[in-house]
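Biologist: I would like a close look at a single part of this model, taken slowly and with its surroundings explained. Here is the structure I have in mind.

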Amino acid sequence: MTPLKPPIGILGGTFDPIHFGHLRSALELYQALDLAEVRLVPCFQPVHRKMPVASPSQRLAMAMIAVESEPALRVDNREIERKGPSYTIDTLESLRAELPNTPLCLIMGIDALLSFPSWHRWQDILGLAHLLIAHRPQYQLPSTGIVADLLKERLKHQAIDLHQSLSGHILLHPVTPLEISATEIRKQFAMEGNPRYLLPNSVYNYIKEHGTYSISRL
């Protein structure tokens, strides 16, 4: 049997714009769980929310400049290239075809975990990836329902469990609670406020240069 390679993290989102809440969580999980890398996957068209303000190409560009000096983090453009609604299952199937011996760890917050049973083909996702939950203590885990049953069946407590199988486990790991809102950042730019220190300087400068969140666009 071919030995498994170190797992990679997959963090999807609109990244409208990418900010330190995304980046810090990704880096902490990379370090704590000995991941090979974390891939940031900007979506083309979100399924559960309205279209982002910034264009797909702008959001991709911002993500790329945000991580250009951090080798642990990498931007994956497959959802932008694929176009259409960005279903996680399609992305994971594509990654699994490319990386047959690499465990995939789908990173999400607890709020996303609570809505996980509403995702397109959610049962199949656990056949392709582990769920890596960026845990914040203020969120209460459910005691009944589908998510509670999933946790009882699949919850693990050690990073090694992610390394020893390709998919199917759920692991909760605490991250620094940076309560940064992309919505608030966009408003700050539109109202000529100063959202500096909520996002990388390179992204701040990109937005200022391109007028990405001018009042006329919000």
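Which residues does M62 touch, not counting residues up to four places away in sequence?

Modeller: Please keep in mind that this is a predicted model. Leaving aside residues up to four places away in sequence, M62 touches F15, P17, I18, A54, V203, Y206, I207, T212 and Y213. Two of those partners, I18 and I207, appear together with M62, V38, L40 and L132 as the residues that touch the most other members of the largest nonpolar core, a set of 34 residues. Two or more residues of this core come from each of helix 1, strand 2, helix 2, strand 3, strand 4, strand 5, helix 9 (182–190) and helix 10 (201–210), and helix 2 gives the most, with 5 residues. A second core, separate from this one, has 26 residues, including L92, L99, A112 and L126.

Helix 2, which spans residues 56–67, lies across strand 2 and strand 3 and runs at about 155° to strand 3. Those strands belong to an open sheet of 7 strands in the order 3-2-1-4-5-7-6, with parallel pairing. Strand 3 (73–75) and strand 6 (155–156) stand at the edges with a single partner strand each, so one side of each has no neighbour in the sheet. Helix 1 (residues 20–32) also packs on the sheet, where it touches strand 1 (8–13), strand 2 (37–42), strand 3, strand 4 (104–109), strand 5 (130–135) and strand 7, and its direction makes about 150° with that of strand 2. At the edge formed by strand 6, 2 bridges join that strand to strand 7 (residues 170–174), in parallel, and L155 has I170 of strand 7 as its bridge partner.

To return to the contacts of M62, one of them, Y213, also takes part in an aromatic pair: the ring centres of F189 and Y213 are 6.3 Å apart and their planes stand at 35°, so the pair is tilted. This pair links distant parts of the chain, with F189 in helix 9 and Y213 in the segment after helix 10, 24 residues apart. Y213 counts as buried because its relative accessibility is 1%, under the 20% cut-off, and F189 is buried as well, with a relative accessible area of 11%. The whole structure holds 4 aromatic pairs; another is formed by F116 and W119, whose ring centres lie 5.3 Å apart with planes at 65°, so that pair is edge-to-face.

Notes
Residues are numbered from 1 along each chain as its sequence is written. This is a predicted model: local features need pLDDT of at least 70, side-chain atom pairs count only at pLDDT 80 or more; totals for chains, interfaces and linings use all residues. Side-chain values use heavy atoms; hydrogens and water are left out. Two strands pair if DSSP finds at least two bridges between them. Helices (H or I, at least four residues) and strands (E, at least two) are DSSP runs, numbered from the N terminus. Contact means heavy atoms within 4.5 Å. Axes are lines fitted to C-alpha atoms, for helices over the stretch in contact, and angles run from 0 to 180 degrees between N-to-C directions. A nonpolar core is a set of buried Ala, Val, Leu, Ile, Met, Phe, Trp, Tyr and Cys residues joined through side-chain atoms within 4.5 Å. Buried means under 20% relative accessible area, exposed over 50%, partly exposed in between (1.4 Å probe, protein chains only). Rings of Phe, Tyr and Trp (its six-membered ring) pair if their centres lie within 6.5 Å; planes under 30 degrees apart count as stacked, over 60 as edge-to-face and the rest as tilted.
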